[in-house]
Amino acid sequence: MRVATPRISLEIQRYRPEQEQEPILQAYEVEYHEDWVVLDAINHIKDHMDGSLSYRWSCRMGVCGSCGMMINGEPKLSCATFLRDYYPASIRVEPLANFPIERDLVIVLDDFMEKLTKVKPWILRDQEKPLSEGEYRQTPAELARYNQFTLCINCMLCYSACPVYALDPHFIGPAAIALAHRYNLDSRDQGGKWRQQVLSSEEGIWACTYVGTCSVVCPAHVDPAGAIQQAKLTTTLDWFRDVLLPWSGR
Amino acid sequence: MTPFQRPVSAIWWLKKRAYFFFILRELTSVFIAMYLVLLLLLLQRLSAGPGPYAAYLRFLATPGMFAFHAVALAAALYHTLTSMSFLPNIIVVRFGEFRLPAIAYAVGSYSGWIVISVLIFWIVVLR
């Protein structure tokens, strides 16, 4: 006698602007496999049950940062969230919180892209040295200062977990600030003074109240909340240095 | 097509345990501020003479004030303990590639706290 394959129910938020005024939940029942992640189940639905379902994904291995979704209300990478952690209960899948919804599970990420470029997350030099002088060399200790913050995959789970961003969409936000801090800590970089204008603005580091949930949900263990507090400390010390030792020529 | 903007609930801070404890931590500051006001009033009453000072001490000994101080102490402890737990992520101490582990911060801050408390106890009570 053939044993029936167990099944699991997924409630997926749908938003098709041409037919719905606001998002609704649609239930799908799929086969349950212990080694399936939520993204596998969604791909199965897309391929075999409902081709109209829209969502983003790419690498399926926690590297590209495309498949972030709210899974039972928590921001997670759907490629790294196993069905077995929820089975036999049903799973609710919604688009990342705090972002406008384009369609179904697809969010509008223009705001994040704009903020990311605002902090200039690349090496800035006052003047590039000629190629003949070789590369900018770094010691392992200099690399260790910022290495943790290079691990950001721009998945935006941190924005989704941040109540400050939810309440004040102008807030530059965790990932962008963590990346700015990453380049400020880089011994090859000289762009701190440019980034400081953004980081010290009203929408920058001081808007963060250190809720800390951005670091909890970060799949790459970047600790953006720590980066923001470290940037606050650096900014404060720089301010005191400028006031108390104006001749130091920082 | 217009993207759908989800509204933020007024009770967002009740929806997640972490948000609730964050708001609770913010609220501890209110009790600490109220305690400081009582402390400033104590100094003001002290400067006003023995009579007003004794009256103020009687006021502080009322059950309501006792309950308030118990709550303010709990609030101060919660704020202090959480602040100490944040330290390793905020003040990064490095020796070359080695980063000082969180346990070192805990040992340092708790030891400092105990030493200062014992010192204050000695000055205020034992001396």
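Domain bounds, as used here, come from an automatic or database domain assignment. With that in mind, let's look at some close-ups of this predicted model.

**View 1. Chain B is divided into domain 1 and domain 2.** In the domain assignment, domain 1 of chain B covers residues 13-90, and domain 2 of chain B covers residues 94-127. If you mark the C-alpha centre of each of these domains of chain B, the two centres lie 22 Å apart.

**View 2. Here chain B touches chain A.** How many residues of chain B are in contact with chain A? There are 17 from chain B, and they meet 24 residues of chain A. On the chain B side, helices α1 (17-48) and α3 (63-90) each supply at least two residues. The most comes from α1(B), which gives three residues. Sorted by class, this side of chain B has 11 nonpolar, four polar and two charged residues.

**View 3. Helices α6 and α7 of chain A pack against each other.** Look for α6(A) at residues 174-184 and α7(A) at residues 192-199. Their axes are 10 Å apart, and the packing angle is about 155°. Angles over 145 degrees count as roughly antiparallel, so that is how α6(A) and α7(A) run relative to each other. The crossing of α6(A) past α7(A) is left-handed.

**View 4. Now we zoom in on the residues where α6(A) meets α7(A).** From α6(A) come Ile177(A), Ala180(A), Tyr183(A) and Asn184(A). Facing them in α7(A), you can find Gly192(A), Arg195(A) and Leu199(A). By class, this contact has four nonpolar residues, two polar ones and one charged one.

Definitions and conventions
Residues are numbered from 1 along each chain as its sequence is written. Chains are lettered from A and ligands numbered from 1 in the order in which they are written. This is a predicted model: local features need pLDDT of at least 70, side-chain atom pairs count only at pLDDT 80 or more; totals for chains, interfaces and linings use all residues. Axes are lines fitted to C-alpha atoms, for helices over the stretch in contact, and angles run from 0 to 180 degrees between N-to-C directions. Helices (H or I, at least four residues) and strands (E, at least two) are DSSP runs, numbered from the N terminus. Angles under 35 degrees count as roughly parallel, over 145 as roughly antiparallel, 65 to 115 as roughly perpendicular and the rest as oblique. A crossing is left-handed if the near helix is turned anticlockwise from the far one by less than a right angle, and right-handed if clockwise. Two residues are in contact if their C-beta atoms, placed from the backbone, lie within 7 Å. Ala, Val, Leu, Ile, Met, Phe, Trp, Tyr, Cys and Pro count as nonpolar, Asp, Glu, Lys and Arg as charged, and the others, Gly among them, as polar.
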